[in-house]
Amino acid sequence: MSVTGAPILAVRGATMRFGGFTALSNVTAEFPEGQLTAIIGPNGAGKSTLFNILSGAFPPTEGEVLFRGRNIAGRRQHHFARIGISKSFQITNIFPDLTALENVRIAVQAMTMRFDLWTPRSRLVAMEERAAELLRDVGLIEHQRRVASELAHGEQRALEIAMAIACEPKVLLLDEPTAGMSPEETVEIMRVILSLAERCTVILVEHKMKLVMDISNHILVLHHGEFLAEGTPDQVRANDEVRRVYLGEGRR
Amino acid sequence: MSMTETDNGAGIAARVTDFIRRHRVAAVLIVLVIFPFVLPYQALASNILIFGLFALGFNLVFGYTGVLSFGHAAFFGIGAYGVGIAIVHFGWPWFLAIPLGVVAAGLTAMIMGALAIRTRGIYFAMVTLALAQCVYYIVYQMDDWSGGEDGLTGVSIRQVDLGFAQLSLLDPTVKYYFVLAFVAVAIYLFSRILASPFGAVLEAIRENEDRARACGYDVRLTKWLAFVISGLFCGLAGALYAIHLSVVPIEILHYHMSGQVVMMALLGGMGTFFGPFIGAIVYLLLEDIVTSMTSHWQLVLGLVFMACVLFFPRGIWGSILHWIRR
């Protein structure tokens with residue numbers, strides 16, 4: 001392994017079965033701290049399954065999920081968020097009837113004020129300012145008063161990222177952050193992701209090969225639910241196994 | 001919510017509703033204070049007041065958290081029986097009996113919530129319905145305490161001694177304002193809860209449960225807490241109902257009561273502050289007017305309800321808000 005930095009997140013012997021179908025089979029991998037790691041692989045490689053295990057959406061059937069060496073497999077989703085593992089969804093997932101600002105404020109509030117039944121929300125100025133700051137970071141500040149469902153697709157994806165970083169995550173997991181985006185929107189969101197990668201560890205699942213090669217420091221390749229290769233973009237590009245899988249079975 | 005809006009051609013109607021929304025507690029109370037003088041008789045006014053509170057409490061779970069419970073009769077009923085038993089069997093004064101009813105309803109909600117909250121959607125509705133029916137049969141069987149089929153009679157408070165004043169609850173107008181005092185405090189508390197960060201979390205869960213979980217909210221615990229708070233408000237409504245009627249009929253625990261509160265919330269507008277009260281007014285006024293004409297009043301109510309669901313799915317107040325905003 002040629003990557004520097006201790007792993008912040010890791011899976012050890014992770015297996016996931018859905019009924020009789022094995023979506024992920026005995027995968028062991030480490031995600032180095034401070035790096036931008038991409039999980040790639042052809043369709044059905046188990047990328048989303050691994051993503052869901054890492055983000056706590058469901059526990060692996062077997063194996064461990066290690067956060068700074070501590071096994072957190074089986075903990076409930078909100079624990080993952082609170083220890084600093086934050087995620088965006090593959091399909092845009094926001095609070096559709098709330099404004100952009102309210103969407104982010106809910107995410108900010110989750111870290112500090114979950115059961116306050118008394119203070120009027122309007123007095124929580126600091127929270128609102130923090131939410132506005134996050135919207136500025138992802139380029140949505142001029143849309144803060146708009147209802148989220150009225151935003152363009154790319155803007156909704158950006159809003160999701162703002163919500164995902166609201167808890168100041170140690171690890172940010174992004175599931176196909178550019179899915180369904182126009183080329184212009186893709187460029188914009190990649191710029192946002194690169195700036196986020198300076199602040200925290202980013203792990204993303206992505207289909208667009210060129211993009212992955214351009215932005216990530218570290219790549220994990222899955223194939224048919226199994227570990228195939230790992231390394232820097234150059235190493236992965238030069239790997240015969242990876243070439244065979246991608247070129248032999250049609251490019252994605 | 002309280003942002004000063006720069007005028008972008010919004011009409012007077014929008015400003016009026018904006019004013020009402022900002023001072024929603026005061027707006028409800030002004031209406032309720034003059035209410036008995038508008039209606040044909042006071043008992044109907046008290047009924048509307050109490051069922052309005054019942055629907056308000058129910059709406060916290062149904063309209064704001066997005067969870068349909070079919071078991072809220074249990075909280076209304078236990079609130080009523082709590083007061084009834086405290087007064088009839090222990091001779092407690094009203095100021096102890098009412099809190100007892102509320103606490104008893106809250107405990108019932110804690111248990112029912114803990115058992116039901118893992119289920120979602122229609123399953124949650126069915127589990128709460130089943131549990132509420134269990135409560136019904138338990139109370140029905142305990143006839144030494146509850147009076148069984150005949151209900152609990154003799155829950156009468158004639159005099160309320162406030163130290164500086166003696167209130168005779170035999171006078172329906174006095175009784176109305178006595179009930180209103182409790183409802184007013186409840187409405188204020190309810191409004192504070194809705195405006196709080198916790199209220200925001202409830203709306204977030206209604207909007208998107210997965211996203212709320214991913215943000216770091218314990219959705220199950222939050223829903224449970226909302227369910228218990230809702231149970232407390234409905235328990236207070238039940239407690240006041242027992243005092244209003246002077247008896248606790250066993251029907252109060254029947255699932256018909258759970259259905260009635262769903263209808264009121266839907267008629268008025270789920271997830272709106274005024275909706276439950278408007279729903280209670282429409283439902284009970286309709287009942288009052290139509291029963292004087294025909295014994296098949298539920299047929300008429302059914303038609304009105306169907307028309308409402310088909311043409312105004314947002315409910316009466318919800319539709320008004322929607323039209324004004326457009």
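How many residues of chain A are in contact with how many residues of chain B? In this predicted model, 29 residues of chain A are in contact with 21 residues of chain B, and that contact is a convenient place to begin the tour.

**Stop 1: the side of chain A that touches chain B**

Select helix 2 (77–83) and helix 3 (100–109) of chain A, the elements that give two or more residues to the side of chain A that touches chain B. Helix 2 of chain A gives the most to this side, with four residues. If you colour the side of chain A that touches chain B by residue class, you will find 17 nonpolar, six polar and six charged residues.

**Stop 2: the two domains of chain A**

Stay with chain A and colour it by domain, with residues 1–84 and 169–252 together as domain 1 and residues 90–168 as domain 2. The C-alpha centres of domain 1 of chain A and domain 2 of chain A lie 26 Å apart, and the contact takes 16 residues from domain 1 of chain A and 13 residues from domain 2 of chain A. On the side of domain 1 of chain A that touches domain 2 of chain A, select strand 7 (171–175) and helix 6 (183–197) of chain A, which are the elements that give two or more residues to it. Helix 6 of chain A gives the most to that side, with five residues. By class, the side of domain 1 of chain A that touches domain 2 of chain A has nine nonpolar, three polar and four charged residues.

**Stop 3: single residues of chain A**

Next, select E168(A), in the loop between helix 5 (153–165) and strand 7 of chain A. Phi of E168(A) is near 45°, a positive value in a residue other than glycine, and E168(A) counts as partly exposed because it has 13 C-beta neighbours inside 10 Å. Then move to N26(A), which is found in strand 2 (residues 21–32) of chain A, and whose phi is near 50°, again a positive value in a residue other than glycine. With 15 other C-beta atoms within 10 Å, N26(A) is partly exposed.

Is R244(A), in helix 9 (residues 240–248) of chain A, buried or exposed? R244(A) is exposed, because 12 other C-beta atoms lie within 10 Å of its own. To set R244(A) against another part of the chain, draw a distance from its C-alpha atom to that of A152(A): the two residues are 92 residues apart along the chain, and their C-alpha atoms are separated by 38 Å.

**Stop 4: chain B as a whole**

Now hide chain A and display chain B, whose secondary structure comes to 15 helices and four strands. Along its principal axes the C-alpha trace of chain B spans about 60 × 45 × 45 Å. Chain B has a radius of gyration of 20 Å, which agrees with the value near 20 Å for a compact globule with 326 residues. Of the 326 residues of chain B, 49% count as buried, and among contacts in chain B between residues at least 6 apart in sequence, 74% join residues at least 24 apart.

**Stop 5: helix 12 against helix 15 in chain B**

Select helix 12 (residues 255–268) and helix 15 (residues 315–325) of chain B, which pack at an angle of about 20°, with their axes 3 Å apart. Helix 12 and helix 15 of chain B are therefore roughly parallel to each other, since angles under 35 degrees count as such. Show side chains for L266(B), L267(B) and G268(B) in helix 12 of chain B, which meet G315(B), I316(B) and W317(B) in helix 15 of chain B. The residues of this contact divide into four nonpolar, two polar and no charged.

Keep helix 15 of chain B in view and highlight G315(B), I316(B), W317(B) and G318(B), which are buried. The buried residues of helix 15 of chain B pack against helix 12, helix 13 (275–291) and helix 14 (297–311) of chain B.

**Stop 6: G275(B)**

Finish on G275(B), which lies in helix 13 of chain B and counts as buried because it has 28 C-beta neighbours inside 10 Å. Which residues does G275(B) touch, not counting residues up to four places away in sequence? They are N59(B), A265(B), G268(B), G269(B), M270(B), G315(B), W317(B) and G318(B). A distance drawn from G275(B) to W317(B), C-alpha to C-alpha, should read 5.3 Å, although the two are 42 residues apart in sequence.

How values were computed. Residues numbered from 1 in each chain as written. Chains lettered and ligands numbered in written order. Predicted model: local features only at pLDDT ≥ 70, side-chain atom pairs only at ≥ 80, totals over all residues. Axes fitted to C-alpha atoms, helices over the stretch in contact; angles between N-to-C directions. Parallel < 35°, antiparallel > 145°, perpendicular 65-115°, else oblique. Contact = placed C-beta atoms within 7 Å. Nonpolar A, V, L, I, M, F, W, Y, C, P; charged D, E, K, R; others polar. Domains from an automatic or database assignment. Rg over C-alpha atoms; globule rule 2.2 N^0.38 Å. Buried ≥ 20, exposed ≤ 12 C-beta atoms within 10 Å, placed from the backbone.
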